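Visitor: I would like to go through this structure one question at a time. Where should we start?

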Amino acid sequence: MLAPWLEACVPLVLITSFVAAMGGLQGAVQHVFYGKPKATGADDWDRLVAARDARILDEWQQKNKQG
């Protein structure tokens with residue numbers, strides 16, 4: 001007969017591994033669809049800066065493409 005604490009470890013390991021697998025799956029799906037990890041804690045300022053950076057990069061690419 002197994003020790004009582006060892007019997008309790010089996011469900012604990014299963015639950016822990018399944019929770020970790022769910023998190024890993026979410027990260028993998030995010031990476032497949034968007035090519036980068038999801039930005040956590042992004043507020044309005046971060047979105048504005050990202051939009052500005054994209055606009056500046058597009059303008060730079062257009063300028064370099066023309067001449």
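Guide: Start with a definition: a residue is buried under 20% relative accessible area, exposed over 50%, and partly exposed in between. Bear in mind also that this is a predicted model.

Visitor: Is Val29 buried, partly exposed or exposed?
Guide: Val29 is found in helix α1. Its relative accessible area is 37%. Buried means under 20% and exposed means over 50%. The value for Val29 lies in between, so Val29 is partly exposed.

Visitor: Which class does Leu25 fall into?
Guide: Leu25 is found in helix α1, which covers residues 4-34. Its relative accessibility is 55%. The cut-off for the top class is over 50%, so Leu25 counts as exposed.

Visitor: Leu25 and Val29 help make a nonpolar surface patch; what is its area?
Guide: Two other residues, Phe33 and Tyr34, complete the patch with Leu25 and Val29. A residue needs over 30% relative accessible area to belong to a patch. Val29 has 37%, and Leu25 has 55%. The area of the patch is about 480 Å².

Visitor: How far does α1 reach from its first C-alpha to its last?
Guide: Helix α1 has 31 residues. At 1.5 Å a residue, the expected span is 45 Å. The span in the model is close to that, at 46 Å.

Visitor: Which residue just after α1 takes a positive phi?
Guide: Helix α1 covers residues 4-34. The residue in question comes just after α1, and its phi is about 80°. It is Gly35.

Visitor: How many salt bridges does the structure hold?
Guide: One salt bridge joins Arg52 and Asp53, with the closest N and O atoms 2.8 Å apart. Another joins the side chains of Arg55 and Glu59, at 3.9 Å from N to O. A salt bridge has to be within 4 Å, so the Arg55 and Glu59 pair qualifies. The number of salt bridges in the structure is 2.

Visitor: How many residues apart are Arg55 and Glu59?
Guide: Both residues lie in helix α2. Their separation along the chain is about one turn of the helix. That is 4 residues.

Visitor: Are Arg52 and Asp53 buried, partly exposed or exposed?
Guide: Arg52 has a relative accessible area of 39%, and Asp53 has 37%. Partly exposed covers values between 20% and 50%. Both values fall in that range, so Arg52 and Asp53 are partly exposed.

Visitor: What is the C-alpha separation of Asp58 and Pro37?
Guide: Asp58 lies in helix α2, residues 44-66, and is partly exposed, with a relative accessible area of 46%. Asp58 and Pro37 are 21 residues apart along the chain. Their C-alpha atoms are separated by 23 Å.

Visitor: And how far apart in space are Ala8 and Pro37?
Guide: Ala8 lies in helix α1 and counts as partly exposed at 47% relative accessibility. In sequence, Ala8 and Pro37 are 29 residues apart. C-alpha to C-alpha, the distance is 35 Å.

Visitor: What is the radius of gyration of the protein?
Guide: The protein has 2 helices and 0 strands. For 67 residues the globule rule gives 11 Å, and the protein is well over that, so it is more spread out than a compact globule. Its C-alpha atoms fill a box of roughly 80 × 25 × 10 Å along the principal axes. The radius of gyration is 23 Å.

Visitor: What percentage of the residues count as buried?
Guide: A buried residue has under 20% relative accessible area. The protein exposes about 6,300 Å², with carbon and sulfur atoms supplying 67% of it. Of its 67 residues, the share that counts as buried is 0%.

Definitions and conventions
Residues are numbered from 1 along each chain as its sequence is written. This is a predicted model: local features need pLDDT of at least 70, side-chain atom pairs count only at pLDDT 80 or more; totals for chains, interfaces and linings use all residues. Side-chain values use heavy atoms; hydrogens and water are left out. Patches are made of residues with over 30% relative accessible area and no salt bridge: like charges are joined within 9 Å, nonpolar side chains (Val, Leu, Ile, Met, Phe, Trp, Tyr) within 5 Å. Accessible areas come from the Shrake-Rupley method with a 1.4 Å probe; for residues, only the protein chains shown count as cover. Buried means under 20% relative accessible area, exposed over 50%, partly exposed in between (1.4 Å probe, protein chains only). The expected span of a helix is 1.5 Å times one less than its number of residues. The radius of gyration is taken over C-alpha atoms; the globule rule is 2.2 Å times the number of residues to the power 0.38.
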